[in-house]
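Good morning, colleagues. Please take a moment to look at the sequence and the model on the screen before I begin.

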Amino acid sequence: MSVSIAGSVTSSVHATESLLFFVLLQLTIIVLAGRTGSALARKWGQSSAVGEIIVGILLGPSLFGLLAPDVFAYVFRSVAPEPLTMLSQVGLLLLMFQIGLEFDFGHLAEARNQKAVAAVATATLAAPFVLGLGFGYLSAPFISPGIDPLTSALFIATAFSITALPILGRIMIELNIQRSALGVIAISAAALNDVVGWLMLAVVSTLAVSGFTPLDFTAKIALIAVFMAFSWYAVRPLMKRMLARLDPGDGSLGHHQLGALIALIFLGGMATYQLGIFAIFGGFMAGVLLHDDRKLVAAWNERVGQFVIVFFLPIFFTYTGLRTEVGSLDTAAAWGWCLLLIFLATLGKYGGAYLAARWVGLSHPQASVLGVMMNTRALMELVVINVGYDLGVISRQMFTMLVLMAVFSTVITTPLLRRWLPKALSASESVVYAEGQVAKA
């Protein structure tokens, strides 16, 4: 008996060490590749997030798995994917907290900005959804044969409607425009887009697996409203008092403060998961609750923020890349559908935001900037299409097309913003923007 127990313990220890070895191997490759992609992207005038996204996809079967299938299988297929999956989700949760911290609601006190947020958010939900629904329904017999066209179209329409809140936030921070009026309008409209988008995803998922019950949906919306109100009026003052009592008094982020913040982020993620709108919004809400504590924001960014960006975020990009296979588009017709999808998705987001911004009185450059920012989808869209793919309502080809659309919309963001921002910002905001570019040069 003792020999059997000893052998079992030895086997368990060996399995744990083997898992650790491969996870460390994956993390080493991911972190180094992420830094390389970031450096190359900045060298070519892109946001570092673009380089990290592209490198993450190239580490998957689309390139690494194609050029060196045996090495790829050894690195990423020797152990179960769950450790990498969990690390990616934790990283995204922390990034959403950072983006929430960077919110500045001061501009929303102006009626013009409030009207702009409502108009842009509405237009960039409605226009892409209609275009995505039409494209998805008409293309389903050709790209996703055997799948219910309406269900497939609803998933595609939802993917068209998403704006990549985390990546947009990162791009805005890198350009030093997160506190400009346009930045606040864009990030606020994007947040509204995504909250509604996740509710739409919940509805479409319900339709795909069973049926939609209006009473349940209404109850879910009510619960989300209660959660937001409770967070703002009960959790926010409690956390502020707690953090003040734990303040070490030297301007740094104390150990106890950091522990309290991490607990808040994780509890927020757990709460929003239970409400059915994904854990990342709990992290975002936690950041928003504390956004006006500038001392805390600076301390978090100095102590934790860079580690999140350098370590956690590339893990999320690579995890998504492992599920993407560009080689599935193997015909001219498939590439034609892909180009049409990219065009319609861009038209819906950019066109909707531009027309809405002009309607509320913004200038042509300002409307163009908002259109470009709202068209940034990146990997938030991949959350939607991964759900659709797992449920079997979109095909491998459609999944790949939507991935390429997400990459395209992100790649064009920074160059177009650099073109329009000098004309769109106010005099004081232009100085801040220019100082940020000089500092990063």
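I shall describe the overall make-up of the chain, then its charged pairs, its aromatic pairs, two contact sites and a surface patch.

Let me say at the outset that this is a predicted model. The chain contains 19 helices and 0 strands. It has 441 residues, and 54% of them count as buried. The chain exposes about 19100 Å², of which carbon and sulfur atoms supply 70%. Among contacts with a separation of 6 or more, 81% are between residues 24 or more positions apart.

I turn now to the charged pairs. Side chains of opposite charge can pair when their charged atoms come close. How many salt bridges does a search of the whole structure find? The search finds 4.

One of them joins D292 to R236, with the closest N and O atoms 2.9 Å apart. D292 sits in the loop between α12 (280-289) and α13 (294-321), whereas R236 belongs to helix α10 (residues 214-246), so this pair ties together parts that are 56 residues apart in sequence. As for exposure, D292 is partly exposed at 37% relative accessibility. R236 counts as buried, at 15% relative accessibility, because the cut-off for buried is under 20%.

D292 also meets K240 in a salt bridge, at 3.0 Å from N to O. K240 lies in helix α10 and D292 in the loop between α12 and α13, so here the parts tied together are 52 residues apart in sequence. The relative accessible area of K240 is 28%, which makes K240 partly exposed.

A further bridge links D247 and K295, whose closest N and O atoms are 2.9 Å apart. D247 is in the loop between α10 and α11 (255-275) and K295 is in helix α13, so the pair ties together parts that are 48 residues apart in sequence. Both partners are partly exposed: D247 has a relative accessible area of 28%, and K295 stands at 43%. Which residues do salt bridges with shared partners join into one network? They are R236, K240 and D292.

R236 has another neighbour to mention, as this residue lies over the face of W232, at 4.3 Å from the ring centre. A second arrangement of this kind involves K115, which lies over the face of W359 at 5.0 Å from the ring centre.

That brings me to the aromatic side chains. The whole structure holds 15 aromatic pairs. Among them is the tilted pair of F316 and F317, with 6.5 Å from centre to centre and 50° between the planes. F316 is buried, with a relative accessible area of 4%, and F317 is also buried, at 1%.

Another tilted pair is formed by Y389 and F399, at 5.1 Å centre to centre and 40° between the planes. Y389 lies in helix α16 (residues 378-391) and F399 in helix α17 (residues 396-411), so the pair ties together parts that are 10 residues apart in sequence. Is each partner buried or partly exposed? Y389 is partly exposed at 27% relative accessibility, whereas F399 is buried at 1%. In addition, F135, F142, F160 and W337 form one aromatic cluster.

Next, two contact sites. The place of G37 is helix α1 (residues 2-43), and this glycine is buried at 4% relative accessibility. Its C-alpha atom is separated by 4.3 Å from that of G51, a residue 14 positions away along the chain. Beyond its neighbours within four places in sequence, G37 is in contact with G51, E52 and V55.

The other site is Q98, in helix α5 (residues 82-101). Q98 is buried, with a relative accessible area of 8%. Which residues touch Q98, leaving aside its neighbours within four places in sequence? They are W300, N301, V304, G305, V308 and I309. Q98 and F284 are 186 residues apart in sequence, yet their C-alpha atoms are 7.5 Å apart in space.

Finally, I come to the surface. I54, L58, L63, L66 and L67 make a nonpolar surface patch of about 460 Å². Helices α2 (48-58) and α3 (64-67) each supply at least two residues of this patch. L67, in helix α3, is exposed, with a relative accessible area of 66%.

Thank you for your attention.

Key: Residues numbered from 1 in each chain as written. Predicted model: local features only at pLDDT ≥ 70, side-chain atom pairs only at ≥ 80, totals over all residues. Heavy atoms only, no water. Patch = residues over 30% accessible without salt bridge, like charges linked within 9 Å, V, L, I, M, F, W, Y side chains within 5 Å. Areas by Shrake-Rupley, 256 points an atom, 1.4 Å probe, with all protein chains shown as cover. Salt bridge = Lys/Arg side-chain N within 4 Å of Asp/Glu carboxyl O. Helix = DSSP H or I, 4+ residues; strand = E, 2+ residues; numbered from the N terminus. Buried < 20%, exposed > 50% of the residue type's maximum accessible area, 1.4 Å probe, protein only. Contact = heavy atoms within 4.5 Å. Phe/Tyr/Trp six-rings, centres within 6.5 Å; stacked < 30°, edge-to-face > 60°. Lys NZ or Arg CZ within 6 Å of the ring centre and 35° of its normal.
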